[in-house]
Amino acid sequence: MTLEERLLSRIMKRENGCWEWTGACNSGGYGQLCVLGHMRRVHRVAYELWNGPIPKGLYVLHRCNNIRCCNPAHLYAKSRHMIRRIRLSDIEPIEPIAKPPPDWRRF
Ligand SMILES: [Zn+2]
């Protein structure tokens with residue numbers, strides 16, 4: 001099974017466009033997956049798999065505010081500095097694409 005197949009086998013595609021991780025999560029609620037012997041956050045693995053390498057030092061954030069979402073179109077990478085600037089200036093407000101359904105935590 002490839003890494004992509006492992007990911008897709010545990011993703012549930014929701015009507016709002018989110019690809020929700022249904023596998024194991026860490027204490028913070030982020031999906032996690034063992035890759036080459038290391039526990040990694042699933043959204044970072046998904047970003048690398050479908051969007052390309054995460055530039056060093058950048059954080060992968062969710063446009064949809066759903067931390068279990070792995071849809072590469074909902075993920076973007078920013079530095080801590082840029083995240084602060086965006087939030088302070090509202091140049092590029094972080095708008096959720098769609099509200100996650102109220103029951104998403106059930107999964
Ligand atoms: Zn999403």
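**Figure 1. Contacts across the protein chain of the predicted model.** Among the contacts in the protein chain with a separation of 6 or more, 48% are accounted for by residues 24 or more positions apart. The protein chain contains three helices and six strands, and, read from the N terminus on, these elements follow the order α-β-β-β-β-α-β-β-α. Of the 107 residues in the protein chain, 22% are buried.

**Figure 2. Close-up of Ile11 in strand E1.** Strand E1 spans residues 11-13, and Ile11 belongs to this strand. Ile11 is classed as buried because 21 other C-beta atoms lie within 10 Å, where the cut-off for a buried residue is 20 or more. Leaving aside residues up to four places away in sequence, Ile11 touches Trp19, Glu20, Trp21, Thr22 and Cys70. Ile11 can also be viewed together with Asn71, a residue that is 60 residues apart from Ile11 in sequence, while the C-alpha to C-alpha distance between the two is 9.2 Å.

**Figure 3. Close-up of the hairpin formed by strands E3 and E4.** Strand E3 (residues 32-35) and strand E4 (residues 38-41) run antiparallel and are joined by four bridges. Within this pairing, Gln32 stands opposite Arg41 of E4. Two residues lie between the strands of the hairpin, and in this hairpin Leu36 takes a positive phi near 50°.

**Figure 4. Close-up of Leu36 in the loop between E3 and E4.** Most residues other than glycine have a negative phi. Leu36, although it is not a glycine, has a positive phi of about 50°. Leu36 counts as exposed because it has 6 C-beta neighbours inside 10 Å, and the cut-off for an exposed residue is 12 or fewer.

**Figure 5. Close-up of Asn65 in the loop between strands E5 and E6.** The loop that holds Asn65 runs between strand E5 (59-62) and strand E6 (75-78). Asn65 is not a glycine, and yet the backbone at this residue has a positive phi of about 60°. Asn65 is classed as partly exposed because 16 other C-beta atoms lie within 10 Å, a count that falls between the cut-off of 12 or fewer for exposed residues and that of 20 or more for buried residues.

Technical notes
Residues are numbered from 1 along each chain as its sequence is written. This is a predicted model: local features need pLDDT of at least 70, side-chain atom pairs count only at pLDDT 80 or more; totals for chains, interfaces and linings use all residues. Two strands pair if DSSP finds at least two bridges between them. Two residues are in contact if their C-beta atoms, placed from the backbone, lie within 7 Å.
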